Amino acid sequence: MSTIALFGANGSIGSRILNEALQRGHRVTAVVRDPAKITTSHPDLTVTTGDVLAPAAVAAVAEGHDVVVSAVGGGDGPGHVATIRPAAESLVAGLRTLGDAAPRLITDDGGVSRISTEDYAVAVLDEIEQPRHLGARFTVGY
């Protein structure tokens with residue numbers, strides 16, 4: 001099974017990915033701002049504090065993991081807008097220090113990207129278990 005660094009593990013999407021990954025037998029490092037907010041306990045779970053807005057911190061946490069998953073979203077409204085872009089830029093910058101990378105978001109004609117939290121969790125774990133995008137980032141949406 002894979003070792004997964006999961007940024008934003010206590011959010012709506014992150015918590016579902018965390019549970020799906022643990023149920024499938026993966027080892028997960030939950031990377032969050034406040035470890036006390038992770039209430040899940042599991043022998044394959046490690047919880048650590050990490051700053052997704054600091055590329056060096058991203059690289060330090062991601063090092064040695066098979067897979068890095070970002071479930072950072074910032075909630076609805078202004079928090080989302082203020083968080084998602086800087087977080088994505090920091091993740092890319094931090095991960096680039098570990099090797100070559102290139103990100104691409106799936107959107108509709110209006111520039112909107114969406115997917116249910118449950119479908120996202122399933123898609124992420126399916127890719128981890130049966131990789132179709134080795135050595136590359138991928139995105140899912142509808």
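How many salt bridges does a search of the whole structure find? The search finds four, where a salt bridge is a side-chain nitrogen of Lys or Arg within 4 Å of a carboxyl oxygen of Asp or Glu. Before getting to them, a word on what you're looking at.

This is a predicted model, so local features need pLDDT of at least 70 and side-chain atom pairs count only at pLDDT 80 or more, while totals for chains, interfaces and linings use all residues. Residues are numbered from 1 along each chain as its sequence is written, and side-chain values use heavy atoms, with hydrogens and water left out.

**The sheet**

Let's start with the strands. Helices (H or I, at least four residues) and strands (E, at least two) are DSSP runs, numbered from the N terminus. Four strands make an open sheet in the order S3-S2-S1-S4, with parallel pairing; two strands pair if DSSP finds at least two bridges between them. Strand S3 (45–49) and S4 sit at the edges with a single partner strand each, so one side of each has no neighbour in the sheet. From one strand to the next, the twist averages 20°. S1 and S2 are joined in the parallel sense over five bridges, and Ala5 has Thr29 in S2 as its bridge partner.

Helix H1 packs on this sheet, touching S1, S2, S3 and S4, and its direction makes about 165° with that of S1. Helix H2 (residues 55–62) lies across S1, S2 and S4, at about 155° to S1. For these angles, axes are lines fitted to C-alpha atoms, for helices over the stretch in contact, and angles run from 0 to 180 degrees between N-to-C directions.

**The core**

Now for the inside. A nonpolar core is a set of buried Ala, Val, Leu, Ile, Met, Phe, Trp, Tyr and Cys residues joined through side-chain atoms within 4.5 Å. Buried means under 20% relative accessible area, exposed over 50%, and partly exposed in between (1.4 Å probe, protein chains only). The largest core here has 21 residues, and those with the most contacts inside it are Ile4, Leu6, Ile17, Val28 and Val69. Two or more residues each come from S1 (3–7), H1 (12–23), S2 (27–32), S4 (67–70) and H4 (117–129). H4 gives the largest share, five residues. A second, separate core has 11 residues, including Val52 and Leu91.

Take Val28: setting aside neighbours within four places in sequence, its contacts (heavy atoms within 4.5 Å) include Ile4, Leu6 and Leu18.

**Charged pairs**

Back to the salt bridges. Side chains of opposite charge can pair when their charged atoms come close. Here are three of the pairs, each linking distant parts of the chain.

| Pair | N to O distance | Apart in sequence |
|---|---|---|
| Arg16 and Glu118 | 3.1 Å | 102 residues |
| Asp126 and Arg24 | 3.0 Å | 102 residues |
| Arg24 and Glu129 | 3.0 Å | 105 residues |

Arg16 is in helix H1 and Glu118 in helix H4. Arg24 belongs to the loop between H1 and S2, and it is linked with Glu20, Asp126 and Glu129 in a network of salt bridges. Arg16 is partly exposed at 33%, as is Glu129 at 34%.

The loop between H1 and S2 also holds His26, which counts as buried because its relative accessibility is 1%. A polar contact of 3.0 Å joins the side chains of His26 and Glu129; such a contact is a pair of N or O atoms within 3.5 Å, where, within protein, one must be able to donate a hydrogen and the other to accept it, and residues adjacent in sequence count only if both atoms are side-chain atoms.
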